[in-house]
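Colleague: I should like to learn how to read the features of a protein model in a systematic manner. May we take them one at a time, with the general idea before the particular case?

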Amino acid sequence: MKKILSVLVMFVIVSGFVFAVGSKETVSTDGRPTVRLITDATGIDDKSFNAAAWRGILAYYGDTWENQTGRGKLYDVVTCQTQDMYIPTLKQASDEGYDLIVTTGFTFADALNEVAPLYPDQRYMIVDVDYVVQPNVMQFVFKEEEGSYLVGLAAALQAKEAGIQNPKFGFIGGIPSATITKFEIGYIQGLKSVFPNAEVVDFYANDWGKPELAKAQAKNWFDSGVYAIFSAAGGTGGGTIAQAKEYRIQGKDVWAIGVDSDQYEDGIYSGNKSAVLTSMIKRVETSTLMALETIDTNTFAGGVVVLDMFDDGVGYSTTNPELSASVIKAVDAAKVDIINGKIKVFGTYKEALAAGVAPAGLGAMDN
């Protein structure tokens, strides 16, 4: 984090205090910046990516999910039900005079690239994009492949301890992109560090908000002997967790792996028993918190900020008590090796194929 902050202190801006909700303009009474989060149709209740961005905003203002006292006064959120609402929603927020407008996900890139030049004095932030090259847009990207390696390693080691012979593993993605590829490729590398010949199957739902698609695919895969499924699919991934819960209730040894946020609680089916073995933690909340801090300190500027494992931008969860202590020890050791460069994790399908650590025929794409 120190490395990132040292970069951010070079940014220079002038911060204002006009805030608006709908057509009613108000003024920040305590001098803190104002922000509007704009999300896709899954909204902040996706329990994953958007929820993490919202948590960062809440944390900046000292609020919590249960106590959002600043909402409507200092911060707010708008959910776009369709992509054709991205541009008009961005324009409306820009006209209303927020200090910062936050968009989450690469699907906003084209809209933001069109709107940002029209409002040169407006500050914007986007997550998962490094190609909106505008002087008033701060872009945050993560080394998702590093955190995904850890959850792949954890799933493989857990299978090994369970005595499962030739375990199979699955990956469910949302909309194919270079970002989601990093999740899949890192996960596969973690799996194959334990089982070099492990069979891996993948499926892309082409949607962030259709859990029924993931649930149906998860059922088919679990029925065919897949041990664990990692979903990087926003709200769609909830279907994987739902199916894993059903089967664990029936006594089947199958697992879901969460993404972005710790999804342990979403998988609880009895007491402290959860169908979510672990989650790949992508600290999107760090990006929204950091962007707001640059507004407050007059250090905002357009550019790309990369959050990796060294900066605690990615990691994995250990909440589930059924995740073996020896597995946690081994995964923590691998985390250290990734940080110090002893373990190299590829972030593109092309690199992974060339290195022989990913199978051909996956649905992953690098652009």
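Modeller: The discussion below concerns a predicted model, and it proceeds from the sheet to helices, aromatic rings and backbone angles.

Colleague: Let us begin with the sheet. In what order do the six strands lie, and is the pairing parallel or antiparallel?

Modeller: The general idea is that strands of a sheet pair through backbone hydrogen bonds, in either a parallel or an antiparallel sense. Here, six strands make up an open sheet with the order 4-3-5-6-7-15, and their pairing is parallel. Strand 4 (75-79) and strand 15 (303-307) are the edge strands, each pairing on one side only. From one strand to the next, the twist averages 20°.

Colleague: Which residue stands opposite Q139?

Modeller: Q139 stands opposite V304 in strand 15. Strand 7 (residues 137-142) and strand 15 are joined in the parallel sense over five bridges.

Colleague: How many bridges does strand 5 form with strand 3, and how many with strand 6?

Modeller: Strand 3 and strand 5 pair over four bridges, in the parallel sense. Strand 5 and strand 6 likewise pair in the parallel sense over four bridges. I101 is a useful residue to follow: in strand 5, I101 is the bridge partner of R36, and in strand 6 the bridge partner of I101 is Y124.

Colleague: How many residues of strand 5 are buried?

Modeller: Five of the five residues of strand 5 are buried. Both faces are covered: L100, V102 and T104 are buried on one side, and I101 and T103 on the other.

Colleague: Which strands does helix 2 lie across?

Modeller: Helix 2 (residues 49-60) lies across strand 3 (35-39), strand 4, strand 5 (100-104) and strand 6 (124-127). The helix runs at about 175° to strand 3.

Colleague: Let us turn to the other helices. How does the reach of helix 5 compare with the span expected at 1.5 Å a residue?

Modeller: Helix 5 has 18 residues and reaches 26 Å from its first C-alpha to its last, close to the expected 26 Å. Helix 5 is mostly covered, with 16 of its 18 residues buried.

Colleague: What do the buried residues of helix 10 pack against?

Modeller: They pack against helix 5 (144-161) and strand 16 (314-316). The buried residues of helix 10 are V327, I328, V331, A334, D337 and I338. Helix 10 (residues 325-339) has 15 residues and reaches 21 Å between its first and last C-alpha, close to the 21 Å expected at 1.5 Å a residue.

Colleague: Now the aromatic residues. Why is the pair of F106 and W208 edge-to-face?

Modeller: Ring planes over 60 degrees apart count as edge-to-face. By the pairing rule the count comes to 13 aromatic pairs. The ring centres of F106 and W208 are 5.9 Å apart and their planes are at 70°, so this pair is edge-to-face. The pair links distant parts of the chain: F106 is in the loop between strand 5 and helix 4 (109-115), whereas W208 is in the loop between strand 9 (199-204) and helix 7 (211-223), 102 residues apart.

Colleague: Is F106 buried or exposed, and is W208 buried or exposed?

Modeller: F106 counts as buried because its relative accessibility is 15%. W208, at 16%, counts as buried too.

Colleague: Which residues form one aromatic cluster?

Modeller: F171, F183, Y187, Y204 and F230 form one aromatic cluster.

Colleague: Where does the charged end of R248 sit?

Modeller: The charged end of R248 sits over the ring of W255, 3.6 Å from the ring centre. In addition, K252 lies over the face of Y247, at 3.8 Å from the ring centre.

Colleague: Finally, how should positive phi values be read?

Modeller: Most residues other than glycine have a negative phi. K47 has a positive phi, near 60°, and lies in the loop between strand 3 and helix 2. K47 is exposed, with a relative accessible area of 51%. N298 also has a positive phi, near 60°, and is found in the loop between helix 9 (284-296) and strand 15. N298 is partly exposed, at 37% relative accessible area.

Colleague: Which glycine follows helix 5, and which follows helix 10?

Modeller: Helix 5 is followed by G163, with a positive phi near 75°. Helix 10 is followed by G341, with a positive phi near 90°.

How values were computed. Residues are numbered from 1 along each chain as its sequence is written. This is a predicted model: local features need pLDDT of at least 70, side-chain atom pairs count only at pLDDT 80 or more; totals for chains, interfaces and linings use all residues. Side-chain values use heavy atoms; hydrogens and water are left out. Two strands pair if DSSP finds at least two bridges between them. Helices (H or I, at least four residues) and strands (E, at least two) are DSSP runs, numbered from the N terminus. Axes are lines fitted to C-alpha atoms, for helices over the stretch in contact, and angles run from 0 to 180 degrees between N-to-C directions. Contact means heavy atoms within 4.5 Å. Rings of Phe, Tyr and Trp (its six-membered ring) pair if their centres lie within 6.5 Å; planes under 30 degrees apart count as stacked, over 60 as edge-to-face and the rest as tilted. Buried means under 20% relative accessible area, exposed over 50%, partly exposed in between (1.4 Å probe, protein chains only). A charge sits over a ring if NZ of Lys or CZ of Arg is within 6 Å of the ring centre and within 35 degrees of the ring normal. The expected span of a helix is 1.5 Å times one less than its number of residues.
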